[in-house]
Amino acid sequence: MSESNNSITVTGHGAVQTAPDFFTINIGIEASQPTVRDAYSQAGEALNAVNAKLQTLGVDRTAISSSTLDVRVDSRWQEGVGTVVTGYTVSSTLSVSLRYDLGAQDIVAAVIDVGNNNVRLNGMSPVVSDPSAAQDKARAAAWADARRAAEVYAQLAGRTLGTVEKVHEGNIPSGGPRPMMARAAMAMDSSMAIEPGQSDVSIAVQITWLLS
């Protein structure tokens, strides 16, 4: 709380929960071979197989994107010789957006299966595609939180709140809930069903009131 020129400034926080409607998975492709050409070829085959499988399962091409491509030299230390190159590893990643209500767990399982040992699932990030309604509720909660605190401080100072002079919406400080993101709950049964769980949508607002 800051007070100057007959005004008071308070920061309010608001958070609501909403169910994400889709999530993004990060798929890693990796292949190691004695030569760069062979490693690249093997990684390419796995990548093409994953892409083909995704499209066979009805995933739109616009939901699939390649994000990285890396070539690493593999080596070992040999006494009397020094560093010896033993091969090359080519890696790439795919980001795929999937809806929870379109058999997502079957798609994930099929993708990992088709790529064999060259494919791994690096992680998943649930996302709320349109968080505007939840954000508006969080804004209302943040406003109410700020006003409650401002009224307490004004009363302690023997004053009353007047009109609003300034409003600034900011990010929640590091360590708080992240907007539109949350961990998905995965039911640990034989089918590995992927459940959306709940995502926190958080807003911070700084409001300055004139004091009467």
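This report walks through the fold, cores, one helix, a pocket and several single residues of a predicted model.

## Overall fold

The protein has 212 residues, and 35% of them count as buried. It holds three helices and ten strands. Along the sequence these elements run in the pattern β-β-β-α-β-β-α-β-α-β-β-β-β.

Many contacts span long stretches of chain. Take the contacts between residues at least 6 apart in sequence: 77% of them join residues at least 24 apart.

## The largest nonpolar core

In soluble globular proteins, nonpolar side chains tend to be buried together. Here the largest nonpolar core has 24 residues. Ile27, Ile29, Val50, Leu54, Val59, Val96 and Leu98 touch the most other members. Four elements each supply at least two residues of this core: strand S3 (22-33), helix H1 (36-56), strand S5 (82-99) and helix H2 (104-114). H1 gives the largest share, six residues.

A second core lies separate from this one. It has 17 residues, including Ile8, Val10, Leu161 and Ile203.

## Two core residues: Ile29 and Val96

Ile29 is among the core members that touch the most others. Set aside its neighbours within four places in sequence. Ile29 is then in contact with Ala43, Ala46, Leu47, Val50, Val90, Ser91, Ser92, Asn118 and Val119.

Val96 is another of these core members, and it is found in strand S5. How accessible is Val96? Its relative accessibility is 0%, so Val96 counts as buried. Beyond residues up to four places away in sequence, Val96 touches Phe23, Thr24, Ile25, Ile27, Leu54, Val59, Ala63 and Ile64. Among these, Ile27, Leu54 and Val59 also appear in the list of core residues with the most contacts to other members. Arg61 sits 35 residues from Val96 in sequence, and their C-alpha atoms are 9.3 Å apart.

## Helix H2

Which residues of H2 are buried? They are Ala104, Ile107, Val108, Ala110 and Val111. Seen down the axis of H2, the buried residues fall within an arc of 165 degrees, so they line one face of the helix. Asp106 and Asp113 are exposed on the other side of H2.

The chain on either side of H2 is worth a look. Gly103 lies in the loop between S5 and H2. Its relative accessibility is 27%, so Gly103 counts as partly exposed. Gly103 and Leu57 are 46 residues apart in sequence, with 9.5 Å between their C-alpha atoms. Asn116 follows H2 and has a positive phi, near 55 degrees.

## The largest pocket

The largest pocket encloses about 160 Å³ of space. Its lining is made of Phe22, Leu57, Gly58, Val59, Asp60, Ala63, Ser97, Leu98, Arg99, Leu102 and Ile107. S5 gives the most to this lining, with three residues.

What is the chemical make-up of the lining? Seven residues are nonpolar, two are polar and two are charged. The pocket also shares residues with parts already described. Val59 and Leu98 are in the lining and are also among the core residues that touch the most other members. Ile107 lines the pocket and is one of the buried residues of H2.

## Ser91 and Tyr40

Ser91 lies in strand S5. With a relative accessible area of 16%, under the 20% limit, Ser91 is therefore buried. Apart from neighbours within four places in sequence, Ser91 is in contact with Ile29, Glu30, Thr68, Leu69 and Asp70.

Tyr40 has its place in helix H1. Leaving out neighbours within four places, Tyr40 is in contact with Leu69 and Val90. Leu69 is thus a contact of Tyr40 and of Ser91. Val90 is a contact of Tyr40 and of Ile29. Tyr40 and Val71 are 31 residues apart in sequence, but 8.4 Å apart in space, C-alpha to C-alpha.

## Ala204

Ala204 belongs to strand S10 (residues 199-211). Is Ala204 buried or exposed? At 7% relative accessibility, Ala204 counts as buried. Gly14 is 190 residues away along the chain, and 6.5 Å separates the C-alpha atoms of Gly14 and Ala204.

Methods:
Residues numbered from 1 in each chain as written. Predicted model: local features only at pLDDT ≥ 70, side-chain atom pairs only at ≥ 80, totals over all residues. Heavy atoms only, no water. Core = buried A, V, L, I, M, F, W, Y, C linked by side-chain atoms within 4.5 Å. Buried < 20%, exposed > 50% of the residue type's maximum accessible area, 1.4 Å probe, protein only. Contact = heavy atoms within 4.5 Å. Arc of directions from axis to C-beta. 1 Å grid on protein atoms, 1.4 Å probe; cavity = no way out; pocket = protein on both sides within 12 Å on 5 of 7 lines; lining within 4 Å. Points joined across faces, edges and corners; volume = space filled by probe spheres on them. Nonpolar A, V, L, I, M, F, W, Y, C, P; charged D, E, K, R; others polar.
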